[in-house]
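Colleague: Before I use this model, I would like to hear how each descriptive term attached to it is justified. Could we go through them one at a time?

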Amino acid sequence: MELTAEQYSKLSRLIYRKLGLLFDEKKAYFLNKRITSRIAALGLNDADEYLFLLGFRDLSGDEMQALANLVTTNETYMFREFDQLAVFADYCLPEVIAARSRTPHRSLRIWCAGCSSGEEAYTLAIIVREVFPESESWKIEITATDIDENVLARARVAEYGDRSVKGVPTAYTSHLTKTATGYRVIPTTASLVRTMKLNLSESQQMKSMRHYDFIFCRNVLIYFDDESRRNVLNHFYDALNPGGYIFLGHSESVGRITSAFRLKKAEGHLLYVKDGL
Amino acid sequence: MKRNVLVVDDSEFTRNYHSYILREARFETVTAVDGADGLEKLYSRAFDLVLTDINMANMDGYEFIRRVRNSGDYDDLPIIIISTESEAEDKSRGFLAGANLYIVKPSEPESLIANICLVLGIQGSEDASANGG
Amino acid sequence: MIDVELIESLGKPEDSSRRYAAQEISESGDAGAVAVLMAQLQKETSRAVKEAILRGLSHIWSFSPFESLIVLLKDADPFVRAEAAEMLQRRAGEAMESLNRLLEGDDKDLRKFSIDILSQTGIGVPEALYTAALKDEDINVVISAIESLGAGRRTAFAAPILAIALASSQPMAICACLEALAQIGNRQSLEALRARFPDASQVPGIYLHSFVKLLGGTGGEETIAEICELMGSKGAPVYEVAIDALTRVAVRHRLSTVAPLYEDVLCNLLKEPLAARIRLHLIRLLGHFARSARVAHALLPYLDDPDRMLGLAAVEALEASADPLVERSLLSLATTENDPEILEEIEELLRRRPRWNSPPSNTPS
């Protein structure tokens, strides 16, 4: 059993509409293999039946969520989705720092939402230290939040195994020190990160988050329903300073979830920014 | 090189149908499911024309056109609205938002192509595949 | 009584203040909430706040906001119309009666909205209303109904849709019918349409893709010839839809062989400059016929294609081949392949492969 080009296109549109996830042509085969397994597991005859189920029978959204779990990888490691981090480092961060430098304030705030065990937060810390040498004299905070206290405890330790650090560019490994059980982020870099327990669905907590220059919430919102996703992004909009950037996973579409942010193109990448800078 | 048209509509069939007409007239097409998708697609490659619906969830056609014009990057990009809405106010809103032409669906294929050629300032389908932008 | 501070917040200049106020008013449970929110909606300029108001309205359970939401389907702002439609769709089960009434009303735009909303739910439109929609005086309502019936797999409506396809002179309606019948039609539908479209090669360009989809969805084995000949006469513009159609026919009729003439057509197509996704689907299609040595040998070069997805597709496509050269190639690839997914597939495939003693067919010269 396989998906025809038309069935794949229909499925991609459905996933985009319901989950805000984008799949480009390169992912076509990857998606096909997992979907055909799922179709077989459900006892369906063909992809048309599955499309019908997803489009018209999945009132609770459970099957769409099962599909989301199938087609997304949950693995977390440092410098995941490198291209997106590169445009952050090479374009967005310098832009915001330059604008801030024209004011009396010497501060920068980044929110790493849904940080899990902290790999992304420390990735951002490494980038800030590398790209912005003056960071030593600025007040910089990377707020790493998660709903799960257990993963936050691991994040606070800032120690990781081989799989988590495999993506760290060789030039940046000086930010890690070898330990008996893995690699620890060095204190001068780790000190940029502050962990905090926070539920993205909890309105009062979200309203208290303010004055951020960047928000990273990558591969987290795919597990939320449509309305919750929009609520979270509206809160993120309020949490950002004018000119601040929002980063979701590279296959998640901000524009599909909310039209609050402005789309801009830089260095061949599509970026979403809060207007007003 | 063929001319590229971005077709924005939340109906899959309508996207396909307009693409069939355009490709038959030797245009290349890229489709988008709503205004937000349309903006992302617009930024991803060069287009000679946009054909957009109005009633779309997430980002409607008027908002899409406004954002395209407000970006400052697409002042000269021709935008045609093609919609089932037929009232005079809808057309006024379309032109105010920045559309070049407003067509009521369904349009006969020959008429749609003639209008597109008019907006692009070309003679016909032979020109569609010559000196594209 | 709604908190006065909340009412005042609706007048504040910051969007976020008005948005939070709208949310809290909708959650207040107050009898006056609907009126307050509807009044704010009329003067509100921010899309985010409008959205919060509309969502708030849909959450107010103690009232029946459906009539308010239906009124909003005629709002001048298409954003409000779309949000109202989405709210109604979420609660279509409860709003069914109101939505069905729209289908019988005088407003063509509301009739179309109603079909569009109801067709997005799993609840379905009563047959009598679809029957009426197919005869609607407004062609856009008819087209929406046709599209909805095809996507919703309402096979009972194949006959009336066929009737429209045969009688209509409106190109968009004809295309909609062909595409719907590709989903819900059968061989009889296709045969009946031969009166209008005797052969794919004679179908006018704008209907061609839809007709090929119909061939794929309803045609018998004999349509393989028609589709392959179409690829030869029309070339690249039809490759993708034709490959899809052939795949559908092969799957539906469980084909494992195809006439040598058409093996050649498909294998030669591999040599054309195809987009990667079209090549991927062609490789998969050829996999149905990989028992043929001609086909298997045409797929072999893709085992180590730089595009590893094509490589993986080729590995899977060669499952049915008992050709010794294929087996040797797979074993060789297993020693050099780095991609873990492809390696896993090769190992599984080698375990599953048939062990035939009969000579392969169509051995190339």
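## How the terms are earned

Colleague: What makes you say that chain B and chain C touch?

Modeller: This is a predicted model, and in it 22 residues of chain B are in contact with 21 residues of chain C, where contact requires C-beta atoms, placed from the backbone, to lie within 7 Å. On the side of chain B that touches chain C, the elements that give two or more residues are helix H1 (12-24) and helix H3 (61-70) of chain B, and the largest share, six residues, comes from H1(B).

Colleague: Which classes of residue make up the side of chain B that touches chain C?

Modeller: That side has 10 nonpolar, eight charged and four polar residues.

Colleague: How do you know how far to trust the prediction, for chain C and for the model?

Modeller: On a confidence scale that runs from 0 to 100, chain C has a mean pLDDT of 89, with 95% of its residues at 70 or more. Residues 356-365 of chain C fall below 50, although this stretch has 16 contacts in the model beyond near neighbours in sequence. For the model, the scores are ipTM 0.93 and pTM 0.90.

Colleague: Why is chain C called more spread out than a compact globule?

Modeller: For 365 residues the globule rule gives 21 Å, whereas the radius of gyration of chain C is 28 Å, well over that value, so the description follows. Along the principal axes, the C-alpha atoms of chain C fill a box of roughly 90 × 55 × 30 Å. The secondary structure of chain C comes to 22 helices and zero strands, and 50% of its residues count as buried, a term that asks for 20 or more other C-beta atoms within 10 Å of a residue's own.

Colleague: How does the radius of gyration of chain A stand against that of a compact globule?

Modeller: Chain A has 20 Å, and a compact globule with 277 residues would have a value near 19 Å, which agrees. The C-alpha trace of chain A spans about 65 × 50 × 35 Å along its principal axes, and the chain has 12 helices and 10 strands. Buried residues make up 45% of chain A, and of its contacts with a separation of 6 or more, 76% are between residues 24 or more positions apart.

Colleague: What makes the strands of chain B a sheet, and in which order do they run?

Modeller: Pairing requires at least two bridges between two strands, and strand S4 (residues 79-83) of chain B and S5(B) have four, in the parallel sense; within this pair, Ile80(B) has Leu101(B) of S5(B) as its bridge partner. The five strands of chain B form an open sheet in the order S2-S1-S3-S4-S5, with parallel pairing.

Colleague: Why are strand S2 (28-32) and strand S5 (101-104) of chain B said to stand at the edges?

Modeller: Each has a single partner strand, so one side of S2(B) and one side of S5(B) are left without a neighbour in the sheet. From one strand to the next, the twist averages 20°.

Colleague: Which strands of the sheet do helix H3(B) and helix H5 (residues 109-120) of chain B touch?

Modeller: H3(B) packs on the sheet by touching strand S1 (4-8), strand S3 (49-52) and S4 of chain B, and its direction makes about 175° with that of S4(B). H5(B) touches S3, S4 and S5 of chain B, and its direction makes about 180° with that of S5(B).

Technical notes. Residues numbered from 1 in each chain as written. Chains lettered and ligands numbered in written order. Predicted model: local features only at pLDDT ≥ 70, side-chain atom pairs only at ≥ 80, totals over all residues. Contact = placed C-beta atoms within 7 Å. Nonpolar A, V, L, I, M, F, W, Y, C, P; charged D, E, K, R; others polar. Rg over C-alpha atoms; globule rule 2.2 N^0.38 Å. Buried ≥ 20, exposed ≤ 12 C-beta atoms within 10 Å, placed from the backbone. Axes fitted to C-alpha atoms, helices over the stretch in contact; angles between N-to-C directions.
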